[in-house]
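Visitor: I should like a close look at a single part of this chain, taken residue by residue. Please choose one buried side chain, describe what surrounds it, and then place that part within the chain.

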Amino acid sequence: QANTGKGSCDPCDPGTYSGTGAKSCTQCDGGTYSNAGASQCITCAAGKYAAVGSDECDVCKPGSISFAGADSCQACPAGKYQGNAGSTACTTCTFGYVSTSAGSGSCTPCKEGTYSSSTTQCDECPAGKYAHSLASTACTDCNGGSFSTPGSAGCKACQAGTYSLAAAPTCTNCIAGKVSGPGVSVCTDCVAGKFSFAGEGS
């Protein structure tokens, strides 16, 4: 009978390894890789990952990160981002900018009429306040003589016959005997010899 022994050993496939005297090759663990004929697996660097039995490490996509020896990438949480591939840390959004979901590659500025009190959501300015620019971190009070509705990018002047104080959500009619022009914060008395009904302009 012919001898069935081998005169040489076969190299292990990429993604596997073996020690001395091995009868078979073993798959590399997740987070490691190997080339053909390897005696051990190599740990993936931070910013990369590898599944079980990999012959190379893949780079984490923007919006995700990894530590050394990772078998998968972690998505940046809401409120943080990472714009570069192969990264090891997420960056917190600057105030006025938000990322509303996990895995963001960038932060979005809050639109006019809104502001950010956190890095995960933009909130509407309340009535009587406004935000006229992108990426606002606070809303500004309307001046006396003007008003605004929720989510406003600016304030509107009160009509003649009405008035408002600062940060007013609406304008108020002047009482009878008082008048006002447009955009004023106080009504004035009718002069002697004249009168007015409530809400009349000057």
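Guide: The account below begins with one serine, follows its contacts outward, and ends with the chain as a whole. The model is predicted, and every statement should be read with that in mind.

The residue chosen is Ser-148, located in the loop that joins strand S17 (146-147) to strand S18 (156-157). With a relative accessibility of 2%, Ser-148 is buried, because the cut-off for that class is under 20%. Two backbone atoms lie opposite polar atoms of its side chain. One is the backbone nitrogen of Gly-128, at 2.9 Å from a polar side-chain atom of Ser-148. The other is the backbone oxygen of Lys-129, at 2.8 Å from a polar atom of that side chain. The serine side chain thus has polar contacts with the backbone of both Gly-128 and Lys-129.

The wider surroundings of Ser-148, leaving aside residues up to four places away in sequence, include Pro-126 and Ala-127 as well as Gly-128 and Lys-129. Cys-142, Gly-154 and Cys-155 also touch Ser-148, as do Ala-168 and Pro-169.

Lys-129 leads to a further feature, since its side chain takes part in a salt bridge with Asp-141, where the closest N and O atoms are 2.4 Å apart. Lys-129 belongs to strand S15 (residues 129-130) and Asp-141 to strand S16 (residues 140-141), so the bridge ties together parts 12 residues apart in sequence. Both partners are partly exposed: Lys-129 has a relative accessibility of 27%, and Asp-141 has a relative accessible area of 36%. Lys-129 therefore offers its backbone oxygen to the surroundings of the buried Ser-148 while pairing with Asp-141. In general, side chains of opposite charge can pair when their charged atoms come close.

The loop between S15 and S16 contains Ala-135, whose phi is near 60°, a positive value in a residue other than glycine. Most residues other than glycine have a negative phi. A second alanine with a positive phi is Ala-167, with a value near 65°. Ala-167 sits in the loop between strand S19 (162-163) and strand S20 (172-173), and at 28% relative accessibility it is partly exposed.

The search of the whole structure finds two salt bridges. Besides the pair already described, Asp-189 bridges to Lys-178, with the closest N and O atoms 2.5 Å apart. Asp-189 lies in strand S22 (residues 188-189) and Lys-178 in strand S21 (residues 178-179), so this pair ties together parts 11 residues apart in sequence. Here Asp-189 is exposed, at 54% relative accessibility, whereas Lys-178 is partly exposed, at 25%.

As for the setting, the chain has 22 strands and zero helices. Its C-alpha trace spans about 135 × 25 × 15 Å along the principal axes. The radius of gyration is 34 Å, where a compact globule of 202 residues would have a value near 17 Å. Buried residues make up 29% of the 202 residues, and Ser-148 is one of the residues counted as buried. Among contacts with a separation of 6 or more, 24% join residues 24 or more positions apart.

Technical notes
Residues numbered from 1 in each chain as written. Predicted model: local features only at pLDDT ≥ 70, side-chain atom pairs only at ≥ 80, totals over all residues. Heavy atoms only, no water. Salt bridge = Lys/Arg side-chain N within 4 Å of Asp/Glu carboxyl O. Helix = DSSP H or I, 4+ residues; strand = E, 2+ residues; numbered from the N terminus. Buried < 20%, exposed > 50% of the residue type's maximum accessible area, 1.4 Å probe, protein only. Polar contact = N/O pair within 3.5 Å; in protein donor to acceptor, adjacent residues only side chain to side chain. Contact = heavy atoms within 4.5 Å. Rg over C-alpha atoms; globule rule 2.2 N^0.38 Å.
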